[in-house]
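Biologist: I am new to this structure. Please take me through one part of it closely, the place where the two chains meet, and then add a few details from inside one chain.

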Amino acid sequence: MTNSEFKPLTISISENAAKHVKEFAIKDGKETANLRVGVKGGGCSGLTYILDIVDGPSENDKIIKDQGIELYIDKKSYVFLAGTILDYSGGLNGKGFVFDNPNAKTSCGCGTSFSV
Amino acid sequence: MNLDIKDQYNYIRNNIGTIHRDDVGCLQITGEDALDLLNRLSTNDLINFDYSNGSISTVLTTNKGRMIDLLTVVKNSKGYLIICSLRALGKVVEWINFYTIIEEICIEDISSKILYFTLVGPNSKNVLQNSGLSEFNSLNIIDSKFNYYDSVDILIDVENENTFTKYLKDLRVSYISNQIYQIIRIQEFIPVFGKEITDKFNPLEAKLEKYISFNKGCYIGQEVIARLNTYNKVKRVLVKIESEANLSINSAEKIIFKNQEIGIITSYIYNSSTRKYIGLAYIDKNFNLNTINANIGVENNIKLIFTRLESSHHLL
């Protein structure tokens, strides 16, 4: 593997998604756009994505800074999300926030849950 | 009770009998997210159920909509009790633990600390409720899964065993054998773990629709189960079988009719009161004959009579 092919297993957010997170944060009256990203059991496929605008990290959270936003991920969720890119799909067929998760073997029809 | 199976079977038509169910496992689940997680992992609406009215049953399903086990949930002073098959208990715990990610939950196997009884016979539920059950600490009344037999399940702390046994004796409730339970549960189309409930079958095939909420929202396997139900795509259906043949059915045995596999037998037991064998089988939903001569394992030309749940007006 060459250096140019190496992709660290982190979680990133696209510019478009970051823009929408900042807009939601302003609507929520938050001074900074901090986003909790995680998964929980349930949903059609087994694991459901969680997105929440929060004030700050919890203890033992992994903190990732990207596109001017702090992403907080608990360690167990990180196992299921490593390598994920959080994007935003707009327009008539848009789904809102979209997870491009390389760990997901299958996803449900609405895209909010996945299996590994 | 020193009665044979036939007499025990007749006994519960006029009297209350009890079966000690040592095949039942029990988990104590605590934590503020416990019910929410269980609701996300299983088929029934556990959130909007009024637990002061008793217990609720729900099916733990895989993301392919297949069954892990049929659970019964009841509220107690610490949180919730999950009643499942003792044989499935390890799998149930493993499944819940796998999906516990951010939730505040604690699960404890309390199977060795409880005793589980099924009481069956005329007016059994009312007799119990009207006769001083309140003297027992930590006693839970569980709704029976039987539809036609009058029945109720009781879960008590093992330390109350002697008091409870005396209480049953005072009520003239006699112990009956587990074989009677097996006969009744087959008559009532009740699937059990390891036979009808396996990860090869879904709850619609097992006729467990009453434990599925079709409007509660997402749970694991929901998309598949909703699609099977909406588009009528269920391929197999659980039926009762009756035969006079003494077949050795240790695991699922194929039913071959005219060189085609039309189903599999999952349970098979002798009912000495009718002198016939009864069992449960999954058969092709579109197979519409009620009496056939089939090949089963090494046995040829076995007469089987199928009864579908819908046409089973009187089961006793």
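Modeller: Here is the interface, followed by a strand and a loop residue. This is a predicted model, in which local features need pLDDT of at least 70, side-chain atom pairs count only at pLDDT 80 or more, and totals for chains, interfaces and linings use all residues. Residues are numbered from 1 along each chain as its sequence is written, chains are lettered from A and ligands numbered from 1 in the order in which they are written, and side-chain values use heavy atoms, with hydrogens and water left out.

Start with the interface. Chain A brings 19 residues to the contact and chain B brings 17 residues. Contact here means heavy atoms within 4.5 Å. The size of an interface is often given as the accessible area lost when the parts come together. Between chain A and chain B, about 1,300 Å² is buried, and carbon and sulfur atoms give 62% of that. Buried area is the accessible area (1.4 Å probe) that two parts lose on being put together, summed over both. Three residues stand out: A:G41, A:C44 and A:K76 supply 39% of the area that chain A buries against chain B, more than any other three residues.

Now the polar side. Five residue pairs are in polar contact across the interface of chain A and chain B, both residues at pLDDT 80 or more. A polar contact is a pair of N or O atoms within 3.5 Å; within protein, one must be able to donate a hydrogen and the other to accept it, and residues adjacent in sequence count only if both atoms are side-chain atoms. On the side of chain A that touches chain B, the elements giving two or more residues are β2 (34–41), β3 (47–53) and α2 (75–81) of chain A. Helices (H or I, at least four residues) and strands (E, at least two) are DSSP runs, numbered from the N terminus.

Next, a strand within chain B. β2(B) covers residues 24–30, and six of its seven residues are buried. Buried means under 20% relative accessible area, exposed over 50%, partly exposed in between (1.4 Å probe, protein chains only). β2(B) pairs antiparallel with β5(B), residues 80–85, over six bridges. Two strands pair if DSSP finds at least two bridges between them. B:V24 has B:S85 as its bridge partner in β5(B). Four bridges join β2(B) to β6(B), residues 106–109, also antiparallel. There, B:I29 is partnered with B:I107.

Last, B:K210. This residue sits in the loop between α6 (178–187) and α7 (222–230) of chain B. The side chain of B:K210 makes a polar contact with the side chain of B:N147 (2.9 Å).
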